[in-house]
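Got your viewer open and a selection box ready? Let's take a walk through the model, one stop at a time.

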Amino acid sequence: MSVIMVVFLVTVLPMRLDYFLAHSAGLTRKEAKRLISGGAVTVEGEAKPKANLQLRPDQAVALHGEPVQRPRQRYLMLHKPAGVVCSTDDPEHRTVLDLLPAELRPDLHPAGRLDRDTTGLVLLTSDGQWSHRLTSPNHQCGKRYRVTCTDPVSDEDLQALADGILLRGEDSPTLPAQVEWVNAHTLRLTITEGRYHQVKRMLAACGNKVVGLHREQIGDIVLDADLAPGEYRVLTEDEIAGI
Ligand code: URA
């Protein structure tokens with residue numbers, strides 16, 4: 001997608017009123033809807049607008065009589081290829097930001113990290129509160145991985161991964177995870193924490209070794225099958241609001 005397209009989406013397209021309010025005022029969509037239905041919001045001075053009103057860029061919104069500015073945050077998904085690091089700056093390797101046009105990069109950061117050899121879904125944003133919701137242990141946002149191992153995974157190991165497993169050098173086991181086989185050597189594993197090299201260490205604790213790791217999903221956001229490695233797209237309103 002071109003830079004012009006991204007800027008267009010963020011600043012020019014009509015936007016649902018509840019989405020606009022949630023992202024401008026740092027509210028959940030539910031809180032925004034409650035304020036709208038409670039009469040706290042006006043559009044062009046008109047009281048009681050509908051939450052699904054498609055707001056044009058030129059329409060003025062007020063919350064409790066105070067003007068609300070249009071959100072200017074950016075939210076993207078990227079299909080990370082292997083060999084690229086999840087950081088904003090690296091002296092040696094290409095970073096996820098290097099895969100984006102220069103005009104999009106200012107203030108953008110990856111929400112959570114993948115190892116250099118891990119592929120798949122990376123979310124990038126300029127919105128610190130939003131990325132905090134994705135990465136904070138308190139929010140327990142699920143991250144789904146496809147995990148390929150050198151050895152077949154036994155029933156016992158599958159159960160141990162699901163129940164929680166003590167990682168080397170740590171004193172509390174991992175939180176319960178969702179896990180299922182794709183085939184004897186490959187699992188689909190959803191974890192809600194983000195410990196250092198967590199998936200690789202979970203399999204290492206079972207005496208196995210991860211040889212392929214690909215992130216498919218974060219919360220409700222699924223890696224778009226149309227994105228080839230290295231490609232990105234802007235998140236939809238629903239994807240942003242779902243976090
Ligand atoms: N767990 C890992 O071990 N590596 C990643 O990149 C992500 C989760």
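The tour goes from charged pairs to two helices and ends at the cysteines.

Before you click, note that this is a predicted model, where local features need pLDDT of at least 70, side-chain atom pairs count only at pLDDT 80 or more, and totals for chains, interfaces and linings use all residues. Residues are numbered from 1 along each chain as its sequence is written, and side-chain values use heavy atoms, with hydrogens and water left out.

**Stop 1: charged pairs**

Side chains of opposite charge can pair when their charged atoms come close. A salt bridge here is a side-chain nitrogen of Lys or Arg within 4 Å of a carboxyl oxygen of Asp or Glu, and the structure holds 13 of them.

Start by selecting Arg201 and Glu170, whose side chains meet in a salt bridge at 3.0 Å, N to O. Arg201 sits in helix H6 (residues 198-205), while Glu170 is in the loop between helix H5 (155-163) and strand E11 (178-183), so the pair ties together parts that are 31 residues apart in sequence. Those labels come from DSSP runs, numbered from the N terminus: helices are H or I with at least four residues, strands are E with at least two. Color by accessibility and you'll find Arg201 partly exposed at 21% relative accessible area, with Glu170 also partly exposed, at 26%. (Buried means under 20% relative accessible area, exposed over 50%, partly exposed in between, using a 1.4 Å probe and protein chains only.)

Next, pick Arg188 and Glu216: their closest N and O atoms are 2.9 Å apart, again a salt bridge. Arg188 belongs to strand E12 (residues 186-191) and Glu216 to strand E13 (residues 210-218), so this pair links distant parts of the chain, 28 residues apart. Arg188 is partly exposed at 23%, whereas Glu216 is buried at 11%. Now add Arg144 and Glu180 to the selection, and you have a network of salt bridges linking them with Arg188 and Glu216.

One more pair: Asp224 and Arg233 meet in a salt bridge at 2.6 Å, N to O. Both residues are buried.

**Stop 2: helix H5**

Which residues of H5 are buried? Select Asp157, Leu158, Leu161 and Ala162. Look down the helix axis: these residues fall within an arc of 135°, so they line one face of H5. (The arc is that of the directions from the helix axis to the C-beta atoms.) On the other side of H5, Asp155 and Glu156 are exposed. Just past the helix comes Gly164, with a positive phi near 120°.

**Stop 3: helix H3**

Move to H3 (residues 29-37), where the buried residues are Arg29, Ala32 and Ile36. They cover an arc of only 60° around the axis, which puts them on the same side of H3. Flip to the face turned away from that buried side and you'll meet the exposed residues Lys30, Arg34 and Ser37. H3 is followed by Gly39, which has a positive phi near 90°.

**Stop 4: the cysteines**

How many disulfides are there, counting pairs of cysteine sulfur atoms within 2.5 Å? The count is zero. Select Cys141: the nearest cysteine sulfur, in Cys86, is 15 Å away, and Cys141 is buried at 10%. Then try Cys149, whose sulfur is 8.4 Å from the closest cysteine sulfur, in Cys206, too far for a bond. Cys149 is buried too, at 3%.

Key:
A disulfide is a pair of cysteine sulfur atoms within 2.5 Å.
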